[in-house]
Amino acid sequence: MAMAMAMATSNRSNQRTDDMNDKQVKLEEVEVKSGEEDEEVVYGIRSKLFIFGEHSSTRRHHNHHHRYPSNQSATMSTEEETKPATEETPKEATTEEPKEEESTAQFEPVVKLEEVEVKSGEEDEEVVYGIRSKLFIFGETLLDAGTGNKTWKERGIGEARLLRHKEHQRLRLLMRQEKTMKIIANHAMDPRIKLEPNVGSDRSWVWSAYDFAEGELKETVFALRFADSDIAQTFKKHFEEAQAEMEKLLAGEDKPGEDGGKAADEAAEALAGLSTKEGEEEGKDKDKDEEKPKAQ
């Protein structure tokens with residue numbers, strides 16, 4: 001009997017062991033990423049960190065105070081309970097703030113500024129064409145002054161305009177910087193100027209001209225960049241048309257007028273005739289003086 005019970009107990013323990021083995025969870029290795037895999041440590045040091053804020057015990061005490069109010073605040077006094085309901089509590093005295101009065105005093109300025117008419121120098125000119133663009137110049141920077149090292153530097157963004165004078169019809173290119181209205185390009189439309197495409201770009205042009213933007217003639221290399229290639233081609237078209245117009249104008253100043261110079265010849269003959277008559281009259285007066293007898 002004892003032997004049978006021992007065998008039964010052994011069989012149960014073995015069965016439990018097998019059940020536990022079957023129920024064991026297999027743990028697989030999981031790769032945990034810290035977010036620092038693509039970074040390298042430049043410097044590191046062991047230290048202690050503090051933060052400024054509420055302590056945990058203080059925070060618990062604060063919450064406990066609001067959650068469980070004291071008996072004094074939770075219960076009413078016996079005087080308040082026995083107080084008759086018909087008795088009205090005195091109202092707090094309302095204090096009205098005095099209204100601020102607006103001042104009607106008027107103060108005249110010590111210095112009176114008069115309106116001054118500012119002339120831009122473009123009053124006698126009309127705009128032939130204008131387009132917003134960015135201007136660069138090729139030259140030395142302040143750090144490279146006197147070294148001969150020249151680079152492209154930005155001069156400003158603004159509207160590049162072709163202007164024609166209303167009186168003598170001459171044309172020039174004028175560009176002012178946005179907001180400040182400072183002149184950053186100002187040169188005559190010389191027919192000898194040639195627009196060259198910028199290397200690696202189909203929306204900018206490079207040319208050289210005598211610039212007068214800083215108050216003195218200075219040979220400058222310009223580069224003007226536009227929003228796209230179509231605008232760049234339109235600018236080139238108007239630029240070359242202005243050059244052709246300027247070339248005709250300059251050629252007409254050196255040639256005789258439509259009458260072949262007839263008016264100029266008549267004026268010259270009139271001047272010659274006037275000088276001849278004056279010479280004859282002076283000669284007659286001289287002869288009369290010679291005929292007079294000399295006083296002895």
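**Fold, ring cluster and enclosed space in a predicted model**

The accessible surface of the protein comes to about 26900 Å². Carbon and sulfur atoms account for 51% of that area. The model is a predicted one. The protein has 296 residues, and 17% of these count as buried.

The protein holds six helices and seven strands. Their order from the N terminus is α-α-α-α-β-β-β-β-β-β-β-α-α. Four helices thus precede the run of strands, and two helices follow it. Contacts were also sorted by sequence distance. Among contacts between residues at least 6 apart in sequence, 52% join residues at least 24 apart.

Strand E1 spans residues 125–139 and includes Gly 130. Gly 130 has a relative accessible area of 28%. This residue is therefore partly exposed, since that class lies between 20% and 50%. Leaving aside residues up to four places away in sequence, Gly 130 touches Glu 159, Ala 160 and Arg 161. Leu 163 is 33 residues from Gly 130 in sequence. In space, the two C-alpha atoms are 8.9 Å apart.

Aromatic rings were examined next. The count comes to six aromatic pairs. One of these joins Trp 207 and Phe 235. Their ring centres are 6.4 Å apart, and the planes meet at 35°, a tilted arrangement. Trp 207 lies in strand E6 (residues 204–211), whereas Phe 235 belongs to helix H5 (residues 229–254), so this pair ties together parts 28 residues apart in sequence. Trp 207 and Phe 235 are both buried.

Trp 207 also pairs with Phe 239. This pair is tilted too, with 5.7 Å centre to centre and 50° between the planes. Again strand E6 is linked to helix H5, here across 32 residues. Trp 207 has a relative accessible area of 3%, so it counts as buried, the limit being under 20%. Phe 239 is likewise buried, because its relative accessible area is 0%. Ring pairs extend the grouping into a cluster of Trp 207, Phe 222, Phe 226, Phe 235 and Phe 239.

Empty space was then located. The structure holds one cavity of 30 Å³ or more. About 40 Å³ of space lies in the largest cavity. Its lining consists of Arg 155, Asp 211, Ala 213, Glu 214, Glu 216, Lys 218 and Thr 220. Five of these lining residues are charged, one is polar and one is nonpolar.

The largest pocket contains about 300 Å³ of space. Its lining comprises 13 residues. Nearest the pocket centre are Ile 137, Phe 138, Gly 139, Glu 140 and Lys 218. Three elements each give two or more residues to this lining: E1, strand E2 (151–165) and strand E7 (218–225). The largest share, four residues, comes from E7. By class, the pocket lining divides into eight charged, three nonpolar and two polar residues. Lys 218 appears in the lining of the largest cavity and among the residues nearest the centre of the largest pocket.

Conventions: Residues are numbered from 1 along each chain as its sequence is written. This is a predicted model: local features need pLDDT of at least 70, side-chain atom pairs count only at pLDDT 80 or more; totals for chains, interfaces and linings use all residues. Side-chain values use heavy atoms; hydrogens and water are left out. Buried means under 20% relative accessible area, exposed over 50%, partly exposed in between (1.4 Å probe, protein chains only). Contact means heavy atoms within 4.5 Å. Accessible areas come from the Shrake-Rupley method with a 1.4 Å probe; for residues, only the protein chains shown count as cover. On a 1 Å grid over the protein atoms alone, a cavity is a set of points where a 1.4 Å probe fits but cannot get out, and a pocket is an open set with protein on both sides within 12 Å along at least five of seven lines; lining residues have an atom within 4 Å of a point. Grid points are joined across faces, edges and corners, and a volume is the space filled by probe spheres set on the points. Ala, Val, Leu, Ile, Met, Phe, Trp, Tyr, Cys and Pro count as nonpolar, Asp, Glu, Lys and Arg as charged, and the others, Gly among them, as polar. Rings of Phe, Tyr and Trp (its six-membered ring) pair if their centres lie within 6.5 Å; planes under 30 degrees apart count as stacked, over 60 as edge-to-face and the rest as tilted.
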